[in-house]
Amino acid sequence: MSILVIEDDPKTGDYLKKGLKESGYAVDLARTGTDGLHMALENTYDLVVLDVMLPGIDGWQIMQALRDRRDLPVLFLTARDGLDDRIRGLELGADDYLVKPFSFTELVLRIRTLLRRGIVREAEFYEFADLKLDALRRKVTREGKEIVLTNKEFLLLQLLIKRQGEALSRTLIASEVWDMNFDSDTNVVDVAIKRLRTKIDQPFEKKLIHTVRSIGYSFGNAP
C-alpha cells in the first residue's frame, strides 16, 4: 500500500520515509505544502500523513482541498497539540490526529487501523422532529429558525442527536466533547447542557433534551 508523507522538517521526513518503507509501505515524501497537494491530487495513495505548518500552503488548506476533491484517509502528524487544533483537524475531515513528539510504533498502528477500516465519515446531516443539524455548514435550525451555538454547544448537540435515544453519562459526554476526563465534582457538563437547553428547548413546546436520573442525559422523545 502507498503512503504520501507531507513533512517539511528534513530529519522527520527522512525518518518517516525510511521507517514506513521498512514497515512494508511504498512511500513518497513531499517537503512543501504545494508539492504535497499536487502529488496527492495527481497520484493514487492509500493514505496521507500530513503536517500542519508547511511552506507554500499549510496542512489545513491541504486538508480542505483534499476533502473537496478526493476521498482518502488522512492522518495529521503535527506539533500543534492544542485541543482547538485537534478539533479543527477532525472537523476539516481528517481521520486521525497524532501529536509530535510521537511513538513510531503508535503511528504505524494507527496507520494500519485506518487502512484496515477504510474511510469512516460522520453523517453530514441530522434531523429529529423539527430540529435539523448540518454538520458541514455548522448550522442548526428548529422550526426553520437558525440557532446560533458556540463550538462546544454544537459538538454537544451533535453527540446527543447522533446517539439519540441513548442515555449518555456525564463522563462519556465530557470525554467526547472536551476530549478529557472530568472529576465527578465538576459540573461543566451540566452547565453546558443548561445553556444548550436554553437555546434548543426553552423557546419551543416540544423538549428534546432529557435528564436521565443517576446517569446523565438523552436526546429525543421523552423517556
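Helices (H or I, at least four residues) and strands (E, at least two) are DSSP runs, numbered from the N terminus. With that in hand, Pro-101 can be placed in the loop between β5 and α5 (104-117). A cis peptide bond joins Pro-101 to Lys-100, with omega at about -10°.

This is a predicted model, in which local features need pLDDT of at least 70, side-chain atom pairs count only at pLDDT 80 or more, and totals for chains, interfaces and linings use all residues. Residues are numbered from 1 along each chain as its sequence is written, and side-chain values use heavy atoms, with hydrogens and water left out.

**The whole chain**

Eight helices and twelve strands make up the count for the chain. Its C-alpha atoms fill a box of roughly 60 × 35 × 30 Å, taken along the principal axes. Of the 223 residues, 46% are buried. Buried means under 20% relative accessible area, exposed means over 50%, and partly exposed is in between (1.4 Å probe, protein chains only).

A contact means heavy atoms within 4.5 Å. Take the contacts between residues at least 6 apart in sequence: 56% of them join residues at least 24 apart.

The chain exposes about 12,000 Å², and carbon and sulfur atoms supply 48% of this area. Accessible areas come from the Shrake-Rupley method with a 1.4 Å probe; for residues, only the protein chains shown count as cover.

Charges come next. There are 34 positive and 36 negative side chains, and the centres of the two sets lie 3 Å apart. Lys and Arg count as positive, Asp and Glu as negative; His and the chain ends are not counted. Each charge is placed at NZ of Lys, CZ of Arg, CG of Asp or CD of Glu.

**Two helices and their cover**

Helix α3 spans residues 59-69, and its buried residues include Trp-60, Ile-62, Met-63 and Leu-66. Among the elements that cover the buried residues of α3 are β1 (2-6), α2 (33-42), β3 (47-50) and β4 (74-78). At the start of α3, a side-chain oxygen of Asp-58 comes to within 3.1 Å of the backbone nitrogen of Trp-60. Such a polar contact is a pair of N or O atoms within 3.5 Å; within protein, one must be able to donate a hydrogen and the other to accept it, and residues adjacent in sequence count only if both atoms are side-chain atoms.

In helix α7 (residues 170-178), the buried residues are Ile-173, Ala-174, Val-177 and Trp-178. They cover an arc of only 100° around the axis, so they sit on the same side of α7. The arc is that of the directions from the helix axis to the C-beta atoms. Their cover includes α6 (151-162), α8 (188-200) and β12 (216-219).

Gln-158 belongs to helix α6. Is Gln-158 buried or exposed? Gln-158 counts as buried, at 12% relative accessibility. Leaving out residues up to four places away in sequence, Gln-158 touches Tyr-126, Leu-133 and Ala-135.

**Residues in loops**

Two residues that are not glycines have a positive phi.

| Residue | Phi | Loop | Relative accessible area |
|---|---|---|---|
| Ala-129 | about 55° | between β6 (125-128) and β7 (131-134) | 46%, partly exposed |
| Ser-214 | about 70° | between β11 (209-212) and β12 | 77%, exposed |

Gly-93 also has a loop position, between α4 (83-91) and β5 (96-99). Gly-93 is buried, with a relative accessible area of 15%. Asp-71 is 22 residues away along the chain, and the C-alpha atoms of Gly-93 and Asp-71 are separated by 9.7 Å.
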